[in-house]
2 protein chains.
Amino acid sequence: MNYKRIVYLTFVCSATISLAQTKTQEVLEDFKPSSVNQQGKLFPQVNSQGRVRASILAPEANKVQLDLGGIKYDMVKDAKGIWTGESLPQDEGFHYYQLNIDGASVPDPGTVYFYGAGRLGSGIEIPAVDQDFYALKDVPHGLVSENIYFSKITNSFRRCFVYTPAEYYQNENKRYPVLYLQHGSFEDETGWSVQGKANLILDNLIAAQKANPMIVVMDNGYAYKPQVDNSRPESVFEEVVINEIIPMIDTKFRTIANRENRAIAGLSMGANQTMRIMMNNLNVFSYYGGFSGTSNYPSADAIDVNTFLDGKYKDGKSVNEKIKLFWLGLGTKEPSPFPGSVGAFRNMLEKQGIKYTYYESAETAHEWLTWRRCLNQFAAKIFK
Amino acid sequence: MNYKRIVYLTFVCSATISLAQTKTQEVLEDFKPSSVNQQGKLFPQVNSQGRVRASILAPEANKVQLDLGGIKYDMVKDAKGIWTGESLPQDEGFHYYQLNIDGASVPDPGTVYFYGAGRLGSGIEIPAVDQDFYALKDVPHGLVSENIYFSKITNSFRRCFVYTPAEYYQNENKRYPVLYLQHGSFEDETGWSVQGKANLILDNLIAAQKANPMIVVMDNGYAYKPQVDNSRPESVFEEVVINEIIPMIDTKFRTIANRENRAIAGLSMGANQTMRIMMNNLNVFSYYGGFSGTSNYPSADAIDVNTFLDGKYKDGKSVNEKIKLFWLGLGTKEPSPFPGSVGAFRNMLEKQGIKYTYYESAETAHEWLTWRRCLNQFAAKIFK
């Protein structure tokens with residue numbers, strides 16, 4: 001009983017200290033327009049403390065708020081009817097946010113829009129100490145192609161984005177390995193090439209000869225069997241990947257179509273999904289990347305290798321022989337249940353003698369800077 | 001003096017009649033979610049009269065309006081704080097719109113977003129009688145590739161989208177003709193492949209063997225010399241097209257790199273720009289498409305062929321020899337100054353004995369259904 005109580009008190013105390021510190025910390029007036037604003041838009045802005053300042057004309061509104069990172073910050077109206085307000089300092093990297101105008105949650109007209117949290121909404125970019133690895137630079141740029149296809153399995157049109165490296169169009173006979181890369185929950189096939197900056201990360205890695213040129217396929221992890229009644233939709237993403245997406249990619253692009261030249265990775269829900277797909281199809285893939293997620297999510301309990309994923313990890317030696325790289329990454333600020341479930345998964349790997357690489361993203365939570373860094377690390381290690 | 005007065009009265013009378021008719025016309029309750037809504041979003045909706053119904057939760061708002069086609073329609077709040085309202089019947093096709101919440105003009109959280117009117121905003125799709133030609137069908141689909149490049153002329157990163165036909169990846173030695181296709185004012189390089197549906201139009205034409213497979217390049221018509229002082233920015237789009245974009249496309253893609261296999265077309269501002277580029281570079285292009293625009297815009301005056309575009313139309317016989325297809329299109333409901341300036345341009349062509357094709361889009365104004373239809377007509381006639 002006392003344990004819980006102490007934890008609660010500790011939490012309250014640190015929160016109080018943190019708020020007190022922030023209140024006394026002056027807002028530095030060095031705000032600059034965010035790098036993901038629409039062309040010519042001056043707001044939102046970010047300062048050197050990582051605070052976000054939003055601004056919108058709403059002369060007849062009663063209340064306007066900046067809704068960012070789970071906090072709604074009240075904005076203040078000036079004589080011209082323009083509302084302006086700042087957030088507390090944010091972590092480096094990319095965050096989704098909205099404006100709230102008299103109870104209506106809407107995208108900020110100042111930014112470009114990103115699919116996350118189950119909707120197209122606003123985003124803000126807090127400059128990161130290591131942002132150079134995903135910066136747009138004057139290096140050869142690959143293409144990101146929108147690829148529409150009809151899935152017989154789901155009986156619907158689907159879409160994936162395909163990154164082809166810059167040299168793809170100069171070496172017309174060369175064939176390339178393929179990384180299948182998946183988004184997280186309430187995101188879609190646009191995530192990795194828009195807020196994930198996967199194309200820029202690969203362009204920069206390849207230009208610096210840190211990664212081998214590769215094709216990257218980014219599809220939508222939501223795929224369901226056509227519903228005949230009101231029963232719960234049944235996910236068929238694995239079947240779509242194995243029986244439709246991979247054969248299509250191997251037909252449309254100059255791939256090296258074997259397991260030695262296929263990797264699969266994903267973030268959060270995508271890490272969970274791709275781990276299952278990997279373990280069920282070791283004849284198809286030989287590299288795995290799990291960014292902020294594992295298939296025992298959300299449990300932090302010790303894993304029973306006899307039952308977990310139908311015993312796929314029972315024979316650690318066989319797993320080591322088949323998987324060339326088993327790679328896991330996590331941000332140091334990730335909330336529960338991620339550290340617990342990833343930790344339990346690592347314990348299982350170690351118990352089974354399965355080799356793996358573990359990466360920690362410093363000072364980032366369950367957000368895109370963690371995943372950009374994971375991709376940057378992982379892509380440099382595969383197909384070598 | 002009286003002439004102006006009469007025009008004014010006539011306008012008022014017809015507006016009154018129109019409003020009176022509309023007020024008595026019942027709103028039919030057969031609304032369906034718009035085809036360009038975000039996944040799972042029920043609003044906005046469109047009914048069989050072409051009315052748009054928007055709906056948004058804004059419990060504390062004083063006033064919420066649907067801002068569509070130059071009219072702000074008041075919406076009405078229910079007991080749950082949800083505001084709902086309908087527009088008058090709209091023309092078939094695609095329209096940009098916004099919501100206005102207590103004076104704040106914001107995108108509707110229900111739709112996907114489109115770049116137009118100088119911002120990313122909401123769009124609505126009114127089903128058209130001929131919508132089959134731009135429908136997503138189970139035919140082979142080409143790719144739309146995002147292509148980032150650094151322009152030395154503008155000293156900035158730029159982007160174009162490149163459509164490659166479905167067969168491009170099956171016929172690895174075949175080379176293709178190229179259409180350079182431009183957006184209108186306050187739009188950008190995304191316009192043609194998003195609200196323009198250029199890729200679906202080409203997919204359908206090619207699948208039906210109505211058009212020859214071709215590459216389509218959609219770039220951004222705003223390109224300026226780097227500014228050294230506060231003087232007016234100088235457009236260098238023609239130089240970027242001729243010296244940077246075309247050489248890049250001919251390097252990255254399997255093009256047939258000669259004038260007989262290059263077309264250039266654009267809508268509105270893009271029609272004006274591409275006509276100038278065409279006439280200055282008859283050694284580069286041999287097909288021209290002007291959708292809702294000509295380079296004498298906005299004038300309806302008779303054109304002096306000695307001075308217009310430096311006398312490029314003086315020798316009609318030479319123009320006929322060089323240009324394989326001179327194609328113009330216009331919607332029957334386009335507002336001033338388009339019918340006047342396109343009409344004056346056609347008079348000049350006829351006076352000079354220059355052959356051209358003229359197409360009218362029935363019952364459409366200066367909007368995307370006109371331009372989808374123009375592309376559908378034009379693409380079927382080039383490279384043959």
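How many salt bridges does the rule find across the interface of chain B and chain A? The count there is zero. This tour of a predicted model begins at that interface and then proceeds to individual residues within the chains.

**First stop: the two chains together**

Display chain A and chain B in separate colours. A turn of 180° with a shift of 0.0 Å along the axis lays chain B on chain A, and the RMSD is 0.0 Å. That is the relation of a two-fold axis. To locate the axis from the side of chain B, select B:Ser145; its C-alpha is the one in that chain nearest the axis, at 1.9 Å.

Next, select the residues at which the chains touch. On chain B, 47 residues are in contact with 47 residues of chain A. Because 100% of the interface residues of chain B are also interface residues in chain A, the copies meet through the same surface. Between them the two chains bury about 3800 Å², and 58% of this area lies on carbon and sulfur atoms.

**Second stop: helix α4 of chain A**

Select residues 269-280 of chain A, which form helix α4. Its twelve residues should span 16 Å at 1.5 Å a residue, and the end C-alpha atoms are 17 Å apart, which agrees. Is this helix mostly covered or mostly uncovered? It is mostly covered, with nine of its twelve residues buried. Among them are A:Gly270, A:Asn272, A:Gln273, A:Met275 and A:Ile277.

**Third stop: a cysteine in each chain**

Select A:Cys160 and B:Cys160. A:Cys160 has a relative accessibility of 0% and therefore counts as buried. B:Cys160 is likewise buried, with a relative accessible area of 0%. Over all chains, the structure holds zero disulfides.

**Fourth stop: an arginine in a loop of chain B**

Select B:Arg259, which is placed in the loop between α3 (237-252) and β16 (262-267) of chain B. Is B:Arg259 buried or exposed? With a relative accessible area of 17%, B:Arg259 is buried, since the limit for that class is under 20%. Show its surroundings as sticks: leaving aside neighbours within four places in sequence, B:Arg259 is in contact with residues including B:Leu282, B:Asn283, B:Phe285, B:Lys322 and B:Ile323.

**Fifth stop: salt bridges**

Side chains of opposite charge can pair when their charged atoms come close. Over all chains, the structure holds 26 salt bridges.

Begin with A:Glu146 and A:Arg159, whose closest N and O atoms are 2.8 Å apart. This pair links distant parts of the chain: A:Glu146 belongs to strand β12 (residues 143-151) and A:Arg159 to strand β13 (residues 156-164), with 13 residues separating the partners. A:Glu146 counts as buried at 14% relative accessibility, whereas A:Arg159 counts as partly exposed at 26%.

Then select A:Glu234 and A:Lys225, whose side chains meet in a salt bridge of 3.6 Å, N to O. A:Glu234 is partly exposed, at a relative accessible area of 43%, and A:Lys225 is partly exposed at 42%.

Moving to chain B, select B:Lys137 and B:Asp132, which are joined by a salt bridge of 2.8 Å, N to O. B:Lys137 is partly exposed, with a relative accessible area of 25%; B:Asp132 is also partly exposed, with 49%.

Finally, return to chain A and select A:Glu29, A:Arg53 and A:Glu86. Salt bridges that share partners join these three residues into one network.

Definitions and conventions:
Residues are numbered from 1 along each chain as its sequence is written. Chains are lettered from A and ligands numbered from 1 in the order in which they are written. This is a predicted model: local features need pLDDT of at least 70, side-chain atom pairs count only at pLDDT 80 or more; totals for chains, interfaces and linings use all residues. Side-chain values use heavy atoms; hydrogens and water are left out. Copies are superposed by least squares on the C-alpha atoms of residues with pLDDT of at least 70 in both. Contact means heavy atoms within 4.5 Å. Helices (H or I, at least four residues) and strands (E, at least two) are DSSP runs, numbered from the N terminus. The expected span of a helix is 1.5 Å times one less than its number of residues. Buried means under 20% relative accessible area, exposed over 50%, partly exposed in between (1.4 Å probe, protein chains only). A disulfide is a pair of cysteine sulfur atoms within 2.5 Å. Buried area is the accessible area (1.4 Å probe) that two parts lose on being put together, summed over both. A salt bridge is a side-chain nitrogen of Lys or Arg within 4 Å of a carboxyl oxygen of Asp or Glu.
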